[in-house]
Amino acid sequence: MAKISILILAAGASSRMKGKAKQLLPWKDTTLLGHAIVQAKKVSDSVTVVYGANSEQIKSAIPNTVESIQNSNWELGMGSSISKGVQHILKENPSPDGILITLVDQPLLDAPYLNQLKSGFEKDLSKITATAYGEKVGAPAIFPKHLFLELTQLSGDFGARQIINAHKKQISVLQPEGKEIDIDTIETYNQLTKTTP
């Protein structure tokens, strides 16, 4: 069994959500953030949330059963949040086999899906195991040990995609079967809450 640490990215300002903190929107019997944490905890005991915008609100919503860290430079983009989160993980859990980076706004990519990613990663611990988006790949994705340093050096708004693009020959890809919907607008959120049991 591979030892996986999970990093949940929850630092963004939800600029297209008409003033609402996306992370705290209701989802089933919790919030989008709460749901992401519950799913992650079913896959790993090592879960870290990076928060940034709306920091007081978000911090108070994070249970003390998970690690959390504030990215005060969240406006620099996703890369800075990944860098900060991975540094924190490696300080607290120095030797995971892989770090699974996941987003708070993809609630259909649940624990069974994350476990599928983990199973794929366990077949070859040297490969990135990532989610397909048509011709592209992205998060949720598990990054192997030899790429941790690159993750800590990310900055700007590129997220981990630049690392994925740089290591195309070392990637195993999982098809999300339509579950990869990002909640980027209130309209998408409203539609998904109506159609999700």
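This passage describes the overall form, the covered elements and the backbone exceptions of a single chain, as seen in a predicted model.

The chain comprises seven helices and nine strands. Its radius of gyration is 15 Å, close to the 16 Å that the globule rule gives for 197 residues, so the chain is as compact as a globular protein of that length. Along the principal axes, the C-alpha atoms fill a box of roughly 40 × 35 × 30 Å. Of the 197 residues, 51% are buried, and the accessible surface of the chain amounts to about 9,700 Å², with carbon and sulfur atoms contributing 49% of that area. Among the contacts with a sequence separation of 6 or more, 69% are made between residues 24 or more positions apart. The charged side chains number 21 positive and 19 negative, and the centres of these two sets lie 1 Å apart.

Two elements illustrate how residues are covered in this model, one a helix and the other a strand. Helix α1, which spans residues 32-41, is mostly covered, with eight of its 10 residues buried; these are L32, L33, G34, H35, A36, I37, Q39 and A40. The cover over the buried residues of α1 is provided by elements that include the strands β1 (4-10), β2 (26-27), β3 (30-31) and β4 (46-51), together with the helices α2 (55-61) and α4 (111-122).

In strand β6, which runs from residue 98 to residue 103, six of the six residues are buried. Both faces of β6 are covered, since G98, L100 and T102 are buried on one side, while I99, I101 and L103 are buried on the other. Strand β6 pairs with β1 in the parallel sense over six bridges, and within this pairing I101 of β6 is the bridge partner of L7. Strand β6 is also joined to strand β8 (residues 136-144), in this case by four bridges and in the antiparallel sense, with I99 standing opposite F143 of β8.

Strand β8 also holds one of the backbone exceptions, as P140 is found in this strand and is joined to A139 by a cis peptide bond with omega about 0°. Most peptide bonds are trans, and most residues other than glycine have a negative phi. The second of these tendencies is also departed from in the model, for N54, a residue other than glycine, has a positive phi near 50°. N54 lies in the loop between β4 and α2, and its relative accessibility of 33% falls between the limits of 20% and 50%, so N54 counts as partly exposed. E177 likewise has a positive phi, of about 55°, although it is not a glycine. This residue is placed in the loop between β9 (171-174) and α7 (186-195), and because its relative accessible area of 69% is over 50%, E177 is classed as exposed.

A further position considered here is Q162, which is located in helix α6 (residues 161-166). With a relative accessible area of 37%, a value that again lies between 20% and 50%, Q162 is partly exposed. Q162 and Q175 are separated by 13 residues in sequence, and their C-alpha atoms are 20 Å apart in space.

Key. Residues numbered from 1 in each chain as written. Predicted model: local features only at pLDDT ≥ 70, side-chain atom pairs only at ≥ 80, totals over all residues. Heavy atoms only, no water. Rg over C-alpha atoms; globule rule 2.2 N^0.38 Å. Buried < 20%, exposed > 50% of the residue type's maximum accessible area, 1.4 Å probe, protein only. Contact = heavy atoms within 4.5 Å. Areas by Shrake-Rupley, 256 points an atom, 1.4 Å probe, with all protein chains shown as cover. Lys, Arg positive; Asp, Glu negative; His and termini not counted. Charge placed at Lys NZ, Arg CZ, Asp CG, Glu CD. Pairing = 2+ DSSP bridges.
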